[in-house]
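Trainee: I have a model open on my screen and would like to learn how to read it. Could you take me through it step by step?

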Amino acid sequence: MLPVCLFPTLGILPSKKVCPQYFLETNFLFLSGLVMASSIEEWGLHRRIALKVLTIVGVKPAWLIMGMMMTSSFLSMWLSNTATTAMMLPIANAILESLFGDLETLKKKCKSADDPEGDIINGQSTVKLHSLPSVPSEKQILSIDETDGMEQSDPRTPEEIQLESQYQMKVWKGFLICIPYAASIGGTATLTGTAPNLILIGQLKSYFPDCDLINFGSWFAFAFPLMCLFLFLGWIWIAFLYGGLNTRLCFKRNDQRAQAEARAKALIEEDYRKLGPINFAEGSISFFFILFAVLLFTRDPKFVTGWSAFFKKGYVSDAVTGVIIVSILFFFPSQKPSLSWWFDPKASNTPYVPLLSWKKAQDSVPWNIILLLGGGFAMAKACEESGLASWIGGHLQPLAEVPPAAAVMLITAFLACFTEFASNTATIIIFLPVIAELAIHISVNPLYFMIPATVGCSFAFMLPVSTPPNSIAFASGHLMVKDMVKTGFVMNILGILSVSLAMNTWGMAMFDLSTYPEWAHPINKSAVVTDVHLSAVHSLNATL
């Protein structure tokens, strides 16, 4: 909120320009996504989706890791990354206990005298792990007891038991680490999935008002294939690193592992059975959720005429679409209405409970994030109006000597490293205006630099403090910092390569990135802008 205090008093921007930045239409799109997510959580639809996917993919560790990653990424496209991680970790924990038994028993088995790391793990895990909101079912407790009984008459040598236990501990780590990573990857696929995507669209509208290439549908068409590619590469790396990718994917080899996998499958199927058939509320939420997505995709998909053509040009945006759908949730009934009272006035009517109450929406929406977005837009506006972004962009002129394709990789790598230590929202707020000015200086399509910068801000995999999902997984007590650094370093490299591939293939064709667009002329020529910059703009205009 400091921009409201400081920018007017320091003479940077008048308050009538600062205050509207706090509730742009981008914020309304974000709000509608959050309200839809709260209604999904209210009726437990997200848990049904998660368990259904896990019943489909099977119970071998590599397939379960894939199922966890697919489910987490899909949910984080619509829910917040943090909520997705918090919901998926207890499910993973229950499956792991069914597969491998009690964690403490497993740690004792794999601990050896020459393994000091085991002492560290054992010392920090107990309390934190059980703080997860996971209550084992009766069947789960029975299966753990059965496991203990089998272990007492285990014919294997101590060395074999220790090796098997160490393998199981590695798989446990792989389960815990894949969920926050998949949530961060999945959030990049939709405009509402994560804050940097919204900041990109907001700053594009402010900085390049004539640019209409990025909307919900066009972003999804670009980012969803990128998400799938990165998710697949990430799955191969995590499954390879944590022991899930081996010949057991195709052949059965160990009877005890097969028994544990059968117990895990039974647990998943039992939990899904407990949910019962889809009720009226879940069906209604599913319908509105699908309608929400379809209307956003088809409003103005660019490659065909969208339904927004039926309205006055420029009047209906993604924000309008989102708010229309979520507004219906506040009065649509959660139970099938009874019509018996039409024929019998004395008949009892179904009590009216809407799909979503305003109190629930108010409690579940993170208003602090909405204000944070507003503060980011206000800062970007001040950078633009004052000429600061132009000034910094002018000092980055040496990057003009670097080929644009290499510059994309450098920008993505730099922001992916920077966001390990700062929030992705703060990172993109600081650097996006500068990157836009840099593109103008070297006569490159601004989207060619701004899109990879935005996606790269979500690739924070190496440290527990990088993102809230990483922190939640680390707080389980079983992961160590070196596990996240080792896994996350390669994930960052895979992410940078995936973004570079996407930008130079289908991204180039979708957004016509090979040409300098007409809408990219800077709209602000402040007195602070240097003479070099102005002469470059004039020569560019003359060329065009």
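Trainee: At what angle do helix 5 and helix 12 pack, and how far apart are their axes?

Mentor: Two packed helices are described by the angle between their axes and the distance between the axes. In this predicted model, helix 5 and helix 12, which spans residues 216-241, pack at about 145° with axes 10 Å apart. The crossing of these two helices is right-handed.

Trainee: Which residues make that contact?

Mentor: On the helix 5 side, look for Ala62, Trp63, Ile65, Met66, Met69, Met70 and Ser73. Helix 12 contributes Met227, Leu231, Gly234, Trp235, Ile238 and Ala239. Sorted by class, the contact of helix 5 with helix 12 holds 11 nonpolar residues, two polar ones and no charged ones.

Trainee: What about Thr71: is this residue buried or exposed?

Mentor: For a single residue, start with relative accessible area, then look at the neighbours. Thr71 sits in helix 5, residues 61-76, and is buried because its relative accessible area is 1%, under the 20% cut-off. Beyond neighbours within four places in sequence, Thr71 touches Ala50, Val53 and Met88. The C-alpha atom of Thr71 is also 8.2 Å from that of Leu54, a residue 17 places away along the chain.

Trainee: Let me try a second helix pair. How do helix 3 and helix 15 cross?

Mentor: Read the angle and the distance together again. Helix 3 (residues 25-42) and helix 15 (residues 318-329) have axes that come within 8 Å and cross at roughly 30°. That angle is under 35 degrees, so helix 3 counts as roughly parallel to helix 15. Their crossing is left-handed. Among the contact residues are Phe28, Leu29 and Val35 of helix 3, and Gly322, Val323 and Ile325 of helix 15. By class, the contact of helix 3 with helix 15 has nine nonpolar, three polar and two charged residues.

Trainee: And which residues does Ala380 contact, outside its sequence neighbourhood?

Mentor: Leaving out neighbours within four places in sequence, Ala380 contacts Gln203 and Pro433. Ala380 belongs to helix 18, residues 367-386, and is buried at 8% relative accessible area. Sequence distance and spatial distance can be read side by side here: Ala380 and Gln21 are 359 residues apart in sequence, with their C-alpha atoms 9.5 Å apart.

Trainee: Where does Thr425 lie?

Mentor: Thr425 is part of helix 21, which covers residues 424-441. With 7% relative accessibility, Thr425 counts as buried. With the same neighbours in sequence set aside, its contacts are Ala195, Ile199 and Leu372.

Trainee: How many disulfides does the structure hold?

Mentor: The test is the distance between cysteine sulfurs, and the structure holds zero disulfides. Take Cys5: the closest cysteine sulfur, in Cys19, is 9.5 Å away, so the pair is too far apart for a bond. Cys5 is partly exposed, at 44% relative accessibility, whereas Cys211 is buried, at 10%.

Trainee: To finish, how many helices and strands are in the chain?

Mentor: The chain has 26 helices and zero strands. Of its 544 residues, 52% are buried. Contacts can also be sorted by separation along the sequence: among those between residues at least 6 apart, 80% join residues at least 24 apart.

Terms used:
Residues are numbered from 1 along each chain as its sequence is written. This is a predicted model: local features need pLDDT of at least 70, side-chain atom pairs count only at pLDDT 80 or more; totals for chains, interfaces and linings use all residues. Side-chain values use heavy atoms; hydrogens and water are left out. A disulfide is a pair of cysteine sulfur atoms within 2.5 Å. Buried means under 20% relative accessible area, exposed over 50%, partly exposed in between (1.4 Å probe, protein chains only). Axes are lines fitted to C-alpha atoms, for helices over the stretch in contact, and angles run from 0 to 180 degrees between N-to-C directions. Helices (H or I, at least four residues) and strands (E, at least two) are DSSP runs, numbered from the N terminus. Angles under 35 degrees count as roughly parallel, over 145 as roughly antiparallel, 65 to 115 as roughly perpendicular and the rest as oblique. A crossing is left-handed if the near helix is turned anticlockwise from the far one by less than a right angle, and right-handed if clockwise. Contact means heavy atoms within 4.5 Å. Ala, Val, Leu, Ile, Met, Phe, Trp, Tyr, Cys and Pro count as nonpolar, Asp, Glu, Lys and Arg as charged, and the others, Gly among them, as polar.
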